[in-house]
Amino acid sequence: MKRLLDLLGAFGLNALPPLWTTVTIGDLLADDRGISVGVMYPGVHDPGGIPLVRAGDLANNRINQRPSFQISHKKHVEYRRTVLEGGELLLSLVGEIGQCAVVRKGMAGWNVARAIAVLRFKDPSVARYIRIALLSRPLQSIIRAWATTTVQATLNLKEIKQLPLPWPPVNERELMVEVIDAIESKIELHQFMNDTLEAIARTIFDSWFRDGLADLEMGFVSTEWKIATLGDLCHRISMGPFGSDIKTDNFVDSGVPVIRGVNLKAGFIDDGFVYITEGKADALRAANAFADDIVVT
């Protein structure tokens, strides 16, 4: 236990409250299919097949309820070890490592891609607390520190099993889950409202745009409409650095936020940033973004 406490302390969790202990992920995993990785060779998309949760479907620590890719029933049976039942914890292993979410019951029967680990616990009710713990800053720091960084960041199953978790009494764990669930439910509701309003605004704009283009095609040149290129309108168009310029070992706990593709959601920039130092940002200043800039993947 002291070793685990020392490890947590080294990454920012210096003391635990009374009655709290520490455990590892490996201590909590079920004996049967406790931790598995998903489909390595999914084949071609099968419109009548089984939904496959890929790394991009685990963005923002939520599982996309409408995955765009489906595998064949034959492939699904071949990788039956990672067939979801509901209640498992999914954890991203490649690229945007450390993203995690609990599988909803309505997703039972789906499968996952190789870049995602499926964690099943002896007591399935602990999955929601473990998700909260893994998303905390100390645990995210450990995950990033332990990841291998060859072509892209990768987390191994062996390291996942060794991840230390602060472990409060059951009543405190349940209270944490209740509070966090309530907050996230409100966030999801607001996100749904934002998405709906954005869709309405886009529909209205599309209507205006189509009408304007129709007038131009018919030769009815409006005094208020004209054709321009982005180059005509922008005083600066720049490109972000390649992966070789920002590696995971450049990330720090606080500093200058980095906008990545995963941060762009439905026309908005979410705040799930990673950070680099001001010195690194200054070295990449040609790619700095400013207020009122438009960011495009």
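# Close-up views of a predicted model

**View 1. The side chains of strand β3 are buried on both of its sides.** In β3, Ile-50 and Leu-52 point one way, Pro-51 and Val-53 point the other way, and all are buried. The model shown here, as in every view below, is a predicted one. The term buried is used for a relative accessible area under 20%, a cut-off that applies to each of these residues because all are classed as buried.

**View 2. Strand β3 stands between β4 and β7 in an open sheet.** The sheet has 3 strands in the order β4-β3-β7, and its pairing is mixed. Its edge strands are β4 (70-71) and β7 (111-112), each of which pairs on one side only. Strand β3, which covers residues 50-53, pairs with β7 in the parallel sense over 2 bridges, whereas the pairing of β3 with β4 is antiparallel, again over 2 bridges. Two bridge partners can be picked out by residue: Leu-52 has Asn-111 as its partner in β7, and Ile-50 has Ile-71 as its partner in β4. As general background, the strands of a sheet pair through backbone hydrogen bonds, in either the parallel or the antiparallel sense.

**View 3. The largest nonpolar core has 30 residues.** Those with the most contacts inside this core are Ile-25, Leu-119, Phe-121, Ile-130, Leu-134, Ile-160 and Leu-165. Two or more residues each come from α2 (25-28), β5 (89-92), β8 (116-119), α4 (127-134), α5 (137-146) and β11 (164-167), and of these elements α4 gives the most, with 5 residues. Around Phe-121, once its neighbours within four places in sequence are left aside, the residues in contact are Leu-28, Leu-29, Ala-30, Leu-89, Val-126, Ala-127 and Ile-130. A second core, separate from this one, has 12 residues, including Ile-63, Ala-101, Trp-110 and Val-118. In soluble globular proteins, nonpolar side chains tend to be buried together.

**View 4. Nonpolar side chains also form a patch on the surface.** The patch consists of Leu-197, Ile-200, Ile-204, Phe-205, Trp-208, Phe-209 and Trp-225, which together have about 740 Å² of accessible area. One of its members, Leu-197, lies in helix α7, a helix that spans residues 170-217. Leu-197 has a relative accessible area of 55% and is therefore classed as exposed, since that class begins over 50%.

**View 5. Arg-202 and Glu-198 form a salt bridge within helix α7.** The closest N and O atoms of this pair are 3.2 Å apart. Because Arg-202 and Glu-198 are 4 residues apart in α7, about one helical turn separates them. Both residues are partly exposed, with a relative accessible area of 40% for Arg-202 and 23% for Glu-198.

**View 6. The salt bridge of Glu-96 with Arg-260 links distant parts of the chain.** The closest N and O atoms of this pair are 2.3 Å apart. Glu-96 is in the loop between β5 and β6 (100-102), while Arg-260 is in the loop between β12 (256-258) and β13 (264-265), so that 164 residues separate the two in sequence. Glu-96 is partly exposed, at a relative accessible area of 23%.

**View 7. Asp-253 and Arg-144 meet through their side chains in a salt bridge.** The N to O distance is 3.5 Å. Asp-253 lies in the loop between α8 (230-233) and β12, and Arg-144 in helix α5, so the pair ties together parts that are 109 residues apart in sequence. Asp-253 counts as partly exposed at 37% relative accessibility, and Arg-144 is likewise partly exposed, with a relative accessible area of 25%.

**View 8. Arg-62, Arg-104 and Glu-188 are linked in a network of salt bridges.** For the chain, the count of salt bridges comes to 12. In general, side chains of opposite charge can pair when their charged atoms come close.

**View 9. The chain as a whole gives the setting for these close-ups.** The chain has 9 helices and 15 strands, and buried residues make up 33% of its 297 residues. Of the contacts with a separation of 6 or more, 72% are between residues 24 or more positions apart. The accessible surface comes to about 18300 Å², and carbon and sulfur atoms account for 58% of that area.

Terms used
Residues numbered from 1 in each chain as written. Predicted model: local features only at pLDDT ≥ 70, side-chain atom pairs only at ≥ 80, totals over all residues. Heavy atoms only, no water. Patch = residues over 30% accessible without salt bridge, like charges linked within 9 Å, V, L, I, M, F, W, Y side chains within 5 Å. Areas by Shrake-Rupley, 256 points an atom, 1.4 Å probe, with all protein chains shown as cover. Salt bridge = Lys/Arg side-chain N within 4 Å of Asp/Glu carboxyl O. Buried < 20%, exposed > 50% of the residue type's maximum accessible area, 1.4 Å probe, protein only. Core = buried A, V, L, I, M, F, W, Y, C linked by side-chain atoms within 4.5 Å. Contact = heavy atoms within 4.5 Å. Pairing = 2+ DSSP bridges.
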